[in-house]
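This report goes through one model, taking its helices and its enclosed and open spaces in turn. The sequence and the structure come before the details.

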Amino acid sequence: MRSEREVNLAIDKYVNLITRICFLFLKNEADTQDVLPSVFLKYLKHDKPFESEEHEKARFIRVSINACKDILKNFFHSHIVSLDKVEQFFLTEPPQHPEVLEAVLSLPQKYRSVIYLYYYEGYKETEIARILKKKVNTIYTWMFQAKRLLKKQLGGEWDAS
């Protein structure tokens, strides 16, 4: 079991990341707040050391995604959330292109995940594959399909580079 100090440091370091990821999946502030304690409780109980800081961060992302999937299995989450509520979790300043963020949030879950991890968190496709426990080619396919959907939604205005 980890010490209180370790858990507090992890909370300070990862709470914003986990909140953004959970909100991306759940689109609901209350459910997002419900997931946070369970993620950090799993961290508290996880005794094994991490290989690196990136390994620890990837583990938090994976545990957060799994916790969100558990919530989604138990509740019906098909409502729309206003862009104003999304901004408070993702951005410290108003978005330059709110239509892009809105389009990303409207994507199916698997596409949202890869787009978020790639463009917002800066992970490479191979790292995303490891985090999501999918094959790299699957991630490439999802990225391609997500970009195609975004381009269609945005009327060809969006450049994926």
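## Helix 7

In this predicted model, helix 7 has five residues to look at for burial: Glu125, Ile128, Ala129, Ile131 and Leu132 are its buried residues. They lie on the same side of helix 7, because the arc they cover around the axis is only 165 degrees. In general, an α-helix has 3.6 residues a turn, so residues three or four places apart point the same way.

After helix 7 comes lysine 133, with a positive phi near 55 degrees.

## Helix 8

In helix 8 the buried residues are Ile139, Trp142, Met143, Ala146 and Leu150. Their arc around the axis is only 105 degrees, which puts them on the same side of helix 8. The exposed residues Asn137, Phe144 and Lys152 are carried on the face turned away from that buried side.

The length of helix 8 agrees with its residue count: 18 residues at 1.5 Å a residue should span 26 Å, and the end C-alpha atoms are 26 Å apart.

## Helix 6

Helix 6 covers residues 109–120, and its twelve residues should span 16 Å at 1.5 Å a residue; the end C-alpha atoms are 15 Å apart, which agrees. Its buried residues are Tyr111, Arg112, Ser113, Val114, Ile115, Tyr116 and Leu117. Glycine 122, just after helix 6, takes a positive phi of about 80 degrees.

## The largest pocket

The volume of the largest pocket is about 280 Å³. Its lining consists of His46, Phe50, His55, Ala58, Arg59, Arg62, Val63, Asn66, Arg130, Ile131 and Lys133. Ile131 is also one of the buried residues of helix 7, and Lys133 is the residue with positive phi that follows helix 7.

Which elements supply at least two residues each to this lining? They are helix 3 (53–74) and helix 7 (125–132). Helix 3 gives the most, with six residues. Sorted by class, the pocket lining has four nonpolar, three polar and four charged residues.

## The largest cavity

A general point helps here: rolling a probe the size of a water molecule over the atoms shows where empty space is left. In this model the count is one cavity of 30 Å³ or more. The space in the largest cavity is about 50 Å³, and the residues lining the cavity are Val39, Lys42, Tyr43, His46, Phe50, Arg59, Phe60 and Val63. Helix 2 (29–45) and helix 3 are the elements that give two or more residues to this lining.

By class, the cavity lining has five nonpolar, one polar and two charged residues. His46, Phe50, Arg59 and Val63 are among the residues that line the largest cavity, and they are also among those that line the largest pocket.

## Phenylalanine 25

Phenylalanine 25 lies in helix 1, which runs over residues 4–26. Is this residue buried or exposed? Phenylalanine 25 has a relative accessible area of 6%, so it is buried. Its C-alpha atom is separated by 8.5 Å from that of leucine 72, although the two residues are 47 residues apart along the chain.

## Confidence

The chain has an average pLDDT of 83, and 81% of the residues score at least 70. Among the elements of the chain, helix 8 (residues 136–153) has the highest mean pLDDT, 92, and helix 4 (residues 83–90) has the lowest, 56.

Definitions and conventions: Residues are numbered from 1 along each chain as its sequence is written. This is a predicted model: local features need pLDDT of at least 70, side-chain atom pairs count only at pLDDT 80 or more; totals for chains, interfaces and linings use all residues. Side-chain values use heavy atoms; hydrogens and water are left out. Helices (H or I, at least four residues) and strands (E, at least two) are DSSP runs, numbered from the N terminus. The expected span of a helix is 1.5 Å times one less than its number of residues. Buried means under 20% relative accessible area, exposed over 50%, partly exposed in between (1.4 Å probe, protein chains only). pLDDT is the predictor's confidence in each residue, from 0 to 100. On a 1 Å grid over the protein atoms alone, a cavity is a set of points where a 1.4 Å probe fits but cannot get out, and a pocket is an open set with protein on both sides within 12 Å along at least five of seven lines; lining residues have an atom within 4 Å of a point. Grid points are joined across faces, edges and corners, and a volume is the space filled by probe spheres set on the points. Ala, Val, Leu, Ile, Met, Phe, Trp, Tyr, Cys and Pro count as nonpolar, Asp, Glu, Lys and Arg as charged, and the others, Gly among them, as polar. The arc is that of the directions from the helix axis to the C-beta atoms.
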